[in-house]
Amino acid sequence: MFAGLLAGSTAADPDERPADLVEQSDPRMLRVKQFFLDRDCPAHVYADDFIQAADQNDLDWRLLPSLSFIESTGGKEAHNNNMFGWDNCKRKFRSTREGIYTVAAQLGTSRLYRDKNIDQVLRLYNPRREYTIAVKDVMKQLGPANLALQAAF
């Protein structure tokens, strides 16, 4: 709801896929895809983008899909390719992918959000206590933060 009000804009190329896409067997990507498929959410097609954008910006892999689920029910209620409610839902993105990578970059690198823990990030994103609880609940449903490391062993 209050996301991105003070954060600047970063350019994202919505037309090109990142060269180092997430491995299709990455358990995080599989969890995100299945989470959205189980709920009939259009965001399932962006599972690899959620993971790639999180990895590129040193974010918890569960944050972006959780925000998109709380803000737009995983894309069901998204407007202007903005699944995150970014800038009080006023921000328009050329594509959903651009939205994912732009929001990830803001959360990972802007002065407003960087170097903050998940609770601090969520309080800035939306100061309502219930919001933080709801996002963290979805994060728990997706799995542990270190899922990729667990699967590697």
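This is a short walk through the fold, its core and a few individual residues. The model is predicted.

Start with the overall layout. The protein contains seven helices and zero strands. Read from the N terminus, its elements run α-α-α-α-α-α-α. The chain has 153 residues, and 46% of them are buried. Sequence-distant pairs feature strongly in the contacts. Take the contacts between residues at least 6 apart in sequence: 65% of these join residues at least 24 apart. On the outside, the protein exposes about 8,000 Å². Carbon and sulfur atoms supply 50% of that area.

Now go inside. The largest nonpolar core has 36 residues. Those with the most contacts inside it are F50, L63, L64, L67, F84 and L107. Helices α1, α2, α3, α4, α5 and α6 each give two or more residues to this core.

Helix α2 is a good place to look next. It spans residues 47-56 and is mostly covered. Eight of its 10 residues are buried. They are A47, D48, D49, F50, I51, Q52, A53 and A54. The cover over these residues includes α1 (27-38), α3 and α4. F50 is one of the buried residues of α2, and it also ranks among the core residues with the most contacts. Which residues does F50 touch, not counting residues up to four places away in sequence? They are V32, F36, A43, L64, P65, S68, M83, F84 and I100. After α2 comes D58, whose phi is positive, near 55 degrees.

Helix α5 covers residues 118-125, and its buried residues are V121, L122 and Y125. Why do they sit on the same side of α5? They cover an arc of only 95 degrees around the axis, so they share one side of the helix. What covers them includes α3 (63-72), α4 (96-109) and α6 (129-142). The start of α5 has a polar contact: a side-chain oxygen of N117 comes within 3.0 Å of the backbone nitrogen of D119.

Move on to α6, the helix that holds M139. Is M139 buried or exposed? Its relative accessibility is 3%, so M139 counts as buried. Not counting residues up to four places away in sequence, M139 touches D60, R62, L63, S66 and I118. L63 also appears among the core residues with the most contacts. W61 is another residue to find here. M139 and W61 are 78 residues apart along the chain. Their C-alpha atoms are separated by 8.9 Å.

Helix α4 offers a polar example, E98. At 8% relative accessibility, under the 20% cut-off, E98 counts as buried. Where does its side chain reach? The side chain of E98 lies 2.5 Å from the backbone nitrogen of R94.

Finish with the cysteines C41 and C89. The structure holds zero disulfides. C41 has a relative accessibility of 1%, so it counts as buried. C89 has a relative accessible area of 48%, so it is partly exposed. The cut-offs explain that label: partly exposed lies between under 20% for buried and over 50% for exposed.

Definitions and conventions: Residues numbered from 1 in each chain as written. Predicted model: local features only at pLDDT ≥ 70, side-chain atom pairs only at ≥ 80, totals over all residues. Heavy atoms only, no water. Buried < 20%, exposed > 50% of the residue type's maximum accessible area, 1.4 Å probe, protein only. Helix = DSSP H or I, 4+ residues; strand = E, 2+ residues; numbered from the N terminus. Arc of directions from axis to C-beta. Contact = heavy atoms within 4.5 Å. Polar contact = N/O pair within 3.5 Å; in protein donor to acceptor, adjacent residues only side chain to side chain. Areas by Shrake-Rupley, 256 points an atom, 1.4 Å probe, with all protein chains shown as cover. Disulfide = S-S within 2.5 Å. Core = buried A, V, L, I, M, F, W, Y, C linked by side-chain atoms within 4.5 Å.
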